[in-house]
Amino acid sequence: MATEVSEKQAEADWRVGLSDDQLKDVLYKLKLCRYFDERIEALYRQGRLPGAIYSGRGQEGTHVGVAYTLREDDSMFPTHRDLSAQLTKGLDLNRVMAQYWGRIDGFTRGRDGNSHVGDWLGHKTWTPVSHLPLAYPIACGAALAYKRRGEQRVAMAICGEGATSNGRWHEALNVSAVHRLPVVWVVNNNLWAYSTPNPLEFAVPTVAERAVAYGFPGVRVDGADVLDVYRVALQAVDRARAGEGPTLIESVSLRWRGHAGHDPAKYVPKEMLEEYMQHKDPVKRFEELLLAHEVVDAEVVKRIQERIERQFDEGYEFAQASPFPVPSDVTRGLWVEDGYWQGEPSRDGGTG
Amino acid sequence: MATARVESGAAGHGAEPRGKRTETGEATYLIAIAEALWEEMERDERVYLLGEDIGAYGGAFKVTEGFIDRFGPERVMDTPIAEETIVGMAIGSAMEGFRPVAEFQYADFMTSGFDEIVTAAARYHYRSGVPLPIVLRGPSGGGVRASSFHSTNPEPWFAHAPGMKVLCPAFPSDAKGLLKSAVRDDNPCVFFEHKWIYRRIKEVVPEEPDFLVPIGRAKVHRDGTDVSIVTYGMMVHLALEAAENLFQKGIAVEVVDLRTVHPLDTETVLKSVEKTSRALVLYESHRFLGVGAEVAAMIAEEGFQHLDAPVMRLAPPNVPVPFSPPLEDAYLPQVADIEAAVEKLSAW
């Protein structure tokens, strides 16, 4: 059931039903995610950012493509590498930045950091745990809730190909098929699980074909082409919404940077990295596509970029001005009944 | 509420039907737990059950016998043998407004869902502000010749995962009232049902639909002035038997049943120690870093001024639960061991 999306099919409707405004929006999101990732890494390397960074660079086509198919009330279960998918779902950049600096306006009020971002109460995204396969069973639960209530909603979970080696991944796929849950399984196959390449993670040619074993379709798509990703994700989302059960999407790209900020990723062959950066850059490719189809011109692209840079700078200022949590709140918010999360937190922590 | 041991009926697998209340309103622990679930499902449509073989079969110990006929397969959901996903589904559906109660066939198998419990469920509210009203039920404890993989007391593991409430009732009424409280609680709760108690202990159990036992509150089951035994679960029953024997020897033992292991009711424990000045902490989880280790440390730290003797612990050694009856009896604290420990404390 694993199929490559043919070029012919892509040509037939290159814009996949998206309007000019939506296409421009997709470009904005791709460029936002790229710019955010680059600036955050620069700040990290300058020693101006606490914690760790998990770059999603090179994989924006996957992140934006799958996330753009979701409605506001659909849920997403991303990993810490999928901030781009969360930004596409609409998370407030200011609050994301506050989270990176451990401030009270972050989504976790300083209880978690960096890209362990989630906004369940707003944009219905799960706050990731570092044990990445754990999100898959939880997505089953959200999907079960939609099914039980007869809602036309979808849960989408994202993980890397490394997580597919783990038992929880297989458990969740199996249960989702048994109970025909409205869930979309996305595997961001960026070719390297930390330093481990695909052949040391699985002995089948593709992740997508594993879907056969569970009894639902699996699709492999080129993560460099955001519209192809969007197309297959939309089919999967529609299928789930129609009560036809799960789909597995394997979107292939390359992780351009190391596993985390500390990792120079010397295990990635130089030629491979150059090939992907020069010929399979999802952001550049989509920008060129829109220019070629005259959906945007150079001026529009320039304005989008300026808007993004302004937005980042504002987010940075917002984060620096946001207070730290007060130390005496360290034990609060463990239990629901202590009321910490129902009220406004103290803003007396200073900005140090 | 007189408590009696039910002599008949195996405490092991639930091949036998769950049974019914007696004409005088006495219910076993097993029946009391089933009543709690049934009443909460009647009360609140968001409550549903999931687990292995809980539907047509009625669960490994027959707690959910007959539930599927009343509530249907969606609310009494049989799952594949996939414990991480059972917990994960409980989490995800709770995030979307349901109040799941997941059954593990034995508490031992909670290790197969451990990561979702301690990494995902326990920490989620602290990190995100999202309530997770889930209950994870597991038959725990030894004394039924079920060996290493069907006899554990894993409560310390979960008490050590901040964000989980850990409940270990010893009596049918407490089991019913605590389970109902857990279902209504907005935090994740682990509910340990001691399988030795299931069909052995019965008492008159309240029938009021809103009968609740508060989480985090211990109960003094027997008043005494000489020594406090602080315990929970099956050990409560052994402690009460020992207390009766010791009373004949002139030692008045107070038995404090924690009922909830986490959060711990330190106030009731300290009040008892203040009265008796001697404390035996009796527990069925391993002695080393078991629940009683924390209780003993707490008494030593906060109740030192009341003590006339060192705080003493009585608990199983740090080995897996063995099978052969003489070995398991040597492993588990026995009534005679408890009496000896109390006499030693009294001699101070």
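## A walk through strands and a helix

Start in chain B by selecting B:Ala102 and B:Leu136: B:Leu136, in strand S6(B), is the bridge partner of B:Ala102. Keep in mind as you explore that this model is predicted.

Now widen the selection to residues 99-103, which form strand S5 of chain B, and residues 135-140, which form strand S6. These two strands pair in the parallel sense over three bridges. A bit of background helps here: strands of a sheet pair through backbone hydrogen bonds, either parallel or antiparallel.

**The seven-stranded sheet**

Next, bring up the neighbours. S5 and S6 belong to an open sheet of seven strands in chain B, ordered S4-S3-S5-S6-S8-S7-S13, and its pairing is mixed. Which strands stand at the edges? Select 76-78 (strand S4) and 260-262 (strand S13) of chain B: each has a single partner strand, so one side of each is left without a neighbour in the sheet. Turn the view and look for the twist, which averages 20° from one strand to the next.

**Strand S12 of chain B**

Staying in chain B, select residues 253-257, strand S12. Is S12(B) mostly covered or mostly open? It is mostly covered, as five of its five residues are buried. Show the side chains: B:Val253, B:Val255 and B:Asp257 point one way, while B:Glu254 and B:Val256 point the other way.

Add residues 219-222, strand S10 of chain B, which pairs with S12(B) in the antiparallel sense over three bridges. Here B:Lys219 has B:Asp257 as its bridge partner. Then add residues 227-231, strand S11 of chain B, which pairs with S12(B) in the parallel sense over five bridges. In this pairing B:Thr231 stands opposite B:Asp257. To follow the chain from S11(B) to S12(B), trace it through helix H7 of chain B (residues 234-248); this β-α-β crossover is right-handed.

**Helix H7 of chain A**

For the last stop, move to chain A and select residues 167-178, helix H7. This helix has 12 residues and reaches 17 Å from its first C-alpha to its last, close to the 16 Å expected. Colour its buried residues, among them A:Trp169, A:Leu173 and A:Val175. What covers the buried residues of H7(A)? The cover includes helix H6 (135-148), strand S3 (155-160), strand S4 (183-189) and helix H8 (211-214) of chain A, together with helix H3 (83-95) of chain B. Finally, click on A:Arg180, just after H7(A), where phi is positive at about 50°.

How values were computed:
Residues are numbered from 1 along each chain as its sequence is written. Chains are lettered from A and ligands numbered from 1 in the order in which they are written. This is a predicted model: local features need pLDDT of at least 70, side-chain atom pairs count only at pLDDT 80 or more; totals for chains, interfaces and linings use all residues. Helices (H or I, at least four residues) and strands (E, at least two) are DSSP runs, numbered from the N terminus. The expected span of a helix is 1.5 Å times one less than its number of residues. A residue is buried if 20 or more other C-beta atoms lie within 10 Å of its own, exposed if 12 or fewer, and partly exposed in between; C-beta atoms are placed from the backbone. Two residues are in contact if their C-beta atoms, placed from the backbone, lie within 7 Å. Two strands pair if DSSP finds at least two bridges between them. A crossover is right-handed if, with the strands pointing away from the viewer, the path from the first strand over the helix to the second runs clockwise. Axes are lines fitted to C-alpha atoms, for helices over the stretch in contact, and angles run from 0 to 180 degrees between N-to-C directions.
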